[in-house]
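Dear colleague,

I am handing over the structure we spoke about, and it is placed just below this paragraph. After it you will find a written account of what turned up when I went through it.

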Amino acid sequence: MTFDLTFDNRFTRDLPADTEPRNFTRQVHQAGFSRVKPTPVSAPKWVAGSKEVAELIGLDPKWLGSAELTEVLAGNALADGMDPFAMCYGGHQFGNWAGQLGDGRAINLGEVVTADEKHWTLQLKGAGLTPYSRTADGLAVLRSSVREFLCSEAMHHLGVPTTRALSLVLTGEKVLRDMFYDGHPEHELGAIVCRVAPSFIRFGNFEIFASREDTETLQTLVEHTIRSEFSHLLSEPDAEIGPDVIAAMFEEVCRTTAEMVVHWMRVGFVHGVMNTDNMSILGLTIDYGPYGWLEDYDPDWTPNTTDAQGRRYRYAHQPQIAQWNLVALANALVPLVKEAEPLQRGIAVYVEEFQKSWHSMMAGKLGLSKYESETDDELVDSLLTLLQLAETDMTIFYRRLADIELGTREQPVTLELAAVLRHLSEAHYVADEVTEEYQQALMDWMRSYQSRVLADDGFPAEDSQRRQRMNAVNPKYVLRNYLAQLAIDACDKGDDSLVSELLEVLRRPYDDQPGKERFAEKRPEWARHRPGCSMLSCSS
Ligand SMILES: Nc1ncnc2c1ncn2[C@@H]1O[C@H](COP(=O)(O)OP(=O)(O)OP(=O)(O)O)[C@@H](O)[C@H]1O
Ligand SMILES: [Mg+2]
């Protein structure tokens with residue numbers, strides 16, 4: 001079976017392979033990967049697929065849902081040209097070096113090469129044991145697979161760099177999970193997501209070889225990465241890969257990582273487990289585990305129950321953590337770059353790039369032509385304080401702010417409390433918190449905002465144009481935590497219609513989509529403390 005796909009497996013060609021052919025848990029040395037086949041499953045069943053991802057990799061969408069493709073994407077069959085393997089990587093977890101981790105339940109099928117010569121690695125998540133499974137079972141449950149599938153695609157359509165998801169299938173197997181780590185494991189439905197990305201190389205792939213002082217394999221991995229993903233940095237295709245090029249690659253990783261995190265901040269995404277093994281060398285969001293979406297704007301929020309104490313991966317801390325992770329990557333590259341200075345330059349680029357992108361992102365959210373530090377530092381700071389003064393839904397707030405008429409420089413609208421509240425009340429979670437003091441702060445801010453908008457020389461100060469600009473960067477539809485949970489509840493009962501409906505709505509997150517407003521509403525009260533809606537377990 002070929003599905004008319006052509007494979008060109010660069011990773012397995014370029015990197016040294018593990019010489020042990022048997023599949024058992026172990027430390028794997030001086031190898032980039034181990035060849036391992038997905039474990040066959042009893043009753044594969046198609047749940048959902050992404051037509052855009054099929055097209056991206058040159059797969060005729062007619063195959064989506066077919067028995068033939070379901071078999072392959074559930075791990076029961078291989079298409080011609082596939083050469084399945086699990087990668088060896090390490091990582092810093094919650095700030096500590098964790099040693100070898102590796103693809104413990106992800107199995108790469110191979111790299112599809114498209115007519116325009118792009119490479120796309122297909123990877124099954126939850127496809128069975130590998131040498132890197134440690135004490136776990138190599139499997140994934142439907143609950144976490146629905147979350148990964150929907151969020152990958154939602155993030156892409158929001159314009160956030162991310163790995164993609166081609167398919168979601170049920171395996172027919174039961175998987176035992178202790179969701180709350182409280183000694184009450186239960187059987188859940190097993191599932192597999194097929195992820196797609198140009199490369200799944202993580203910071204941890206470099207760290208593992210550096211930690212073992214295996215400079216040779218480290219150099220091989222860096223050469224492979226640069227030749228296949230950063231070839232634009234080479235003066236000619238087979239130019240030698242020395243310290244300068246490696247430092248240039250690092251600088252680019254710093255830049256793309258900064259951009260990725262700014263996007264997260266823009267849409268209110270909290271990754272939840274930003275360990276270095278979950279950081280992509282391409283600046284893609286990877287590993288949709290205990291992630292969550294900010295509902296009320298709370299910079300200290302993290303969805304990950306495992307991180308509830310230290311809150312290392314809370315929303316507002318993500319930019320610093322990304323920098324910490326980049327330092328870990330830099331340390332891994334020191335043996336090849338030889339000196340620290342060029343890598344420190346990369347970190348400085350991260351800081352600069354983040355600051356710059358964050359400013360233009362905030363200006364965009366507010367409908368300003370550009371960020372002026374002199375006025376806008378104060379405007380943004382006071383807004384972020386205001387959003388916490390009364391529990392305020394971040395997504396709804398920015399959409400509704402765009403609707404408030406400010407008038408023009410010649411004819412400013414006189415802002416009235418009642419009118420402002422009419423627009424914004426939908427964003428407030430607790431009516432009692434809209435106190436007089438809050439109303440005062442809100443109106444003070446609204447007036448400064450109005451003067452700033454009307455004084456903006458870069459854009460014509462027309463309300464309708466400002467609304468259009470704001471709505472292009474402030475989504476109406478995000479994968480609210482409780483919506484994902486509703487889709488999971490239905491799916492658990494065999495009804496996958498909500499998964500498909502959400503996938504469809506989230507394809508156009510910035511459009512109004514009449515008839516779909518219920519997916520843009522704030523979190524209902526029942527979901528405030530419900531597991532899966534407000535807090536997520538790592539058990540997936
Ligand atoms: N059920 C499991 N079986 C085997 N290994 C697992 C399982 N769950 C997690 N791991 C491994 O534990 C490590 C850390 O897990 P983490 O939760 O970051 O990743 P993940 O959700 O499995 O996958 P990915 O990062 O590929 O999206 C990784 O090496 C991962 O492969
Ligand atoms: Mg992971």
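Just after helix 5, Glu-213 adopts a positive phi of about 55°. Please keep in mind throughout that this is a predicted model.

Helix 5 itself, which spans residues 203–211, is mostly covered, with eight of its nine residues buried. Those buried residues are Phe-203, Gly-204, Asn-205, Phe-206, Glu-207, Ile-208, Phe-209 and Ala-210. Among the elements that cover them are strand 3 (85–87), strand 4 (90–93) and strand 5, together with helix 6 (215–229) and helix 8 (318–337).

Strand 5 also leads to the annotated positions. Under "binding site", UniProt lists Gly-102, Gly-104, Arg-105, Lys-125, Asp-137, Gly-138, Arg-195, Arg-202 and Asp-287, and I looked further at two of these, Arg-105 and Lys-125.

Arg-105 sits in the loop that runs between strand 5 (96–100) and strand 6 (106–113). Is Arg-105 buried or exposed? Arg-105 has 21 other C-beta atoms within 10 Å, and because 20 or more are needed for a residue to count as buried, Arg-105 is classed as buried. Once its neighbours within four places in sequence are left aside, the contacts of Arg-105 are Lys-125, Gly-126, Ala-127, Ser-133, Gly-138, Leu-139 and Ala-140, and of these Lys-125 and Gly-138 are also in the UniProt list.

Lys-125, for its part, belongs to strand 7 (residues 119–125), and Lys-125 is likewise buried, since 24 other C-beta atoms lie within 10 Å of it. With its neighbours within four places in sequence again set aside, Lys-125 is in contact with Arg-105, Ala-106, Ala-140, Glu-148, Ile-192, Val-193 and Arg-195.

The remaining item is a pair of packed helices. Helix 4 (residues 142–158) packs against helix 15 (residues 481–492) at an angle of about 130°, and their axes are 9 Å apart, which means that helix 4 is oblique to helix 15. The crossing of helix 4 past helix 15 is right-handed. On the side of helix 4 the contact is made by Leu-142, Arg-143, Val-146, Arg-147 and Leu-150, and on the side of helix 15 by Ala-484, Ala-487, Ile-488, Cys-491 and Asp-492. Sorted by class, this contact of helix 4 with helix 15 comprises seven nonpolar and three charged residues, with no polar ones.

With best regards

How values were computed: Residues are numbered from 1 along each chain as its sequence is written. Chains are lettered from A and ligands numbered from 1 in the order in which they are written. This is a predicted model: local features need pLDDT of at least 70, side-chain atom pairs count only at pLDDT 80 or more; totals for chains, interfaces and linings use all residues. Axes are lines fitted to C-alpha atoms, for helices over the stretch in contact, and angles run from 0 to 180 degrees between N-to-C directions. Helices (H or I, at least four residues) and strands (E, at least two) are DSSP runs, numbered from the N terminus. Angles under 35 degrees count as roughly parallel, over 145 as roughly antiparallel, 65 to 115 as roughly perpendicular and the rest as oblique. A crossing is left-handed if the near helix is turned anticlockwise from the far one by less than a right angle, and right-handed if clockwise. Two residues are in contact if their C-beta atoms, placed from the backbone, lie within 7 Å. Ala, Val, Leu, Ile, Met, Phe, Trp, Tyr, Cys and Pro count as nonpolar, Asp, Glu, Lys and Arg as charged, and the others, Gly among them, as polar. UniProt positions are given in the numbering used here, feature names are shortened, and annotations may be inferred rather than shown by experiment. A residue is buried if 20 or more other C-beta atoms lie within 10 Å of its own, exposed if 12 or fewer, and partly exposed in between; C-beta atoms are placed from the backbone.
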